[in-house]
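Here is a friendly note to read alongside the model. Each numbered point takes up one part of the chain, so feel free to pause and look as you go.

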Amino acid sequence: MMKPADLLQPVLDIALEAGRRIMTVYGSADFGVTQKDDASPLTQADMAAHTHIVAALAALPIVYPVLSEEDAEISFATRRTWSHYWLVDPLDGTKEFIKRNGDFTVNIALIAAGVPVLGVVHAPALDLTYLAAEGAGAMRIRNSAREVIRTRPSPKVPAFVVSRSHKDATLEKFLAAAPPHEAVSRGSSLKFCQVAEGSADLYPRTGPTSEWDTAAGQCVAEQAGATVIRLPQMTRLAYNEKESLLNPLFAVIGDPSRDWKGLLSTVA
């Protein structure tokens, strides 16, 4: 069996090509926006990226099942038999894409026994990519330069990164109870990556997410030194454990030595 690190470059190449296809739509006058059954938006870019990613993953030297946001009607009875599978969000942050603010990503993760062991988060409009795998650590590609990234020791006044498009009363209550901090809004899975690179210290997620929204970013964050815990259980966020593909509430902690448990226990 190939190691996750052996697949990192091929998956990066797949994500980059998906990003190019997304940007072709991004530069057009009509995104072809429709609504899915859950009333969330779907564009031509979502489907262009999905089609490419699924075909390209199937052409890799080792073939695993694929669970994509745009093809998620796979029963748990089938999914629970998978020891390894690809978990894909072809265009994370479709709302940000439609707003043309750049905060959208291609997310590709490899899940092994419920754990993300490879992750690529590519933001094509920002020319910014994060990638990680067990055995390879976490990296950022910016301005064509690749560099290793790590979380930072939590400063006296930490930076919290929060969702740009999904704010709620629980989050506002949490932020009001938190010690002095800086709050920064960001879209898509780039919030995980800000913690991973040390430009933020805590990402509390109180709104709904699905497993394809988080897996690639979680891998990047964990390989950079962060912990990703479900709330209020304070256990590691895991995948493919249940029928529903919705995540519980969770938090990404950049410096595990800082005790956020008291504050995070208020999130429920």
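1. Let us begin with the cysteines, keeping in mind that this is a predicted model. How many disulfides does a search of the whole structure find? The search comes back with zero. Take cysteine 193: the closest cysteine sulfur belongs to cysteine 219 and lies 10 Å away, which is too far for a bond. The view from the other end agrees, because the sulfur of cysteine 219 has cysteine 193 as its closest cysteine partner, at 10 Å. For comparison, a disulfide would need the two sulfur atoms within 2.5 Å. Cysteine 193 is buried, at 0% relative accessibility, and cysteine 219 is also buried, at 0%.

2. Next, the chain as a whole. Its secondary structure amounts to eight helices and 15 strands. The radius of gyration is 17 Å, close to the 18 Å that the globule rule gives for 268 residues, so the chain is as compact as a globular protein of that length. Along the principal axes, the C-alpha atoms fill a box of roughly 50 × 45 × 40 Å. Of the 268 residues, 57% count as buried. If we take contacts between residues at least 6 apart in sequence, 63% of them join residues at least 24 apart.

3. Helix H2 is a good place to look more closely. Spanning residues 44-58, H2 has 15 residues and reaches 22 Å from its first C-alpha to its last, close to the expected 21 Å. Which residues of H2 are buried? They are Ala45, Asp46, Ala49, His50, His52, Ile53, Ala56 and Leu57. As a reminder for reading such a list, an α-helix has 3.6 residues a turn, so residues three or four places apart point the same way. The cover over the buried residues of H2 includes helices H1 (8-26) and H4 (94-99), along with strands E2 (41-42), E3 (66-68), E4 (84-92) and E5 (105-112).

4. Just ahead of that helix comes threonine 43, in the loop between E2 and H2. Is threonine 43 buried or exposed? With a relative accessible area of 2%, threonine 43 is buried. At the start of H2, a side-chain oxygen of threonine 43 comes to within 3.1 Å of the backbone nitrogen of alanine 45. The threonine 43 side chain also makes a polar contact with the side chain of aspartate 46, at 2.6 Å. Setting aside neighbours within four places in sequence, threonine 43 is in contact with Phe31, Gly32, Val33, Leu91, Thr94, Phe97 and Ile98.

5. Strand E5, part of the cover over H2, holds isoleucine 111. This isoleucine is buried, with a relative accessible area of 0%. What does isoleucine 111 touch, not counting residues up to four places away in sequence? Its contacts are Ser83, His84, Tyr85, Leu87, Pro116, Ala215 and Tyr239. Cysteine 219 from the opening point returns here: 108 residues separate it from isoleucine 111 along the chain, while their C-alpha atoms are 9.5 Å apart.

6. Now for a run of strands joined by hairpins. E7 (residues 128-133) and E8 (residues 137-142) pair antiparallel over six bridges, and alanine 132 stands opposite alanine 138 in E8. Their hairpin has three residues between the strands, and glycine 135 there takes a positive phi near 90°. E8 is then joined to E9 (residues 145-148) by four bridges, again antiparallel, with isoleucine 141 opposite arginine 146 in E9. This second hairpin has two residues between its strands, and asparagine 143 takes a positive phi near 55°.

7. Glycine 137 also belongs to E8. Not counting residues up to four places away in sequence, glycine 137 touches Leu131, Ala132 and Gln223. The C-alpha atoms of glycine 137 and threonine 235 are 22 Å apart, with the two positions 98 residues apart along the chain.

8. Finally, look at strand E12 (residues 202-205). Where do its side chains point? Leu202 and Pro204 go one way and Tyr203 and Arg205 the other, and all are buried. In a regular strand the side chains alternate between the two faces of the sheet. E12 pairs with E15 (residues 249-253) in the antiparallel sense over four bridges, and leucine 202 has isoleucine 253 as its bridge partner in E15.

Definitions and conventions:
Residues are numbered from 1 along each chain as its sequence is written. This is a predicted model: local features need pLDDT of at least 70, side-chain atom pairs count only at pLDDT 80 or more; totals for chains, interfaces and linings use all residues. Side-chain values use heavy atoms; hydrogens and water are left out. Buried means under 20% relative accessible area, exposed over 50%, partly exposed in between (1.4 Å probe, protein chains only). Two strands pair if DSSP finds at least two bridges between them. The expected span of a helix is 1.5 Å times one less than its number of residues. Contact means heavy atoms within 4.5 Å. A polar contact is a pair of N or O atoms within 3.5 Å; within protein, one must be able to donate a hydrogen and the other to accept it, and residues adjacent in sequence count only if both atoms are side-chain atoms. The radius of gyration is taken over C-alpha atoms; the globule rule is 2.2 Å times the number of residues to the power 0.38.
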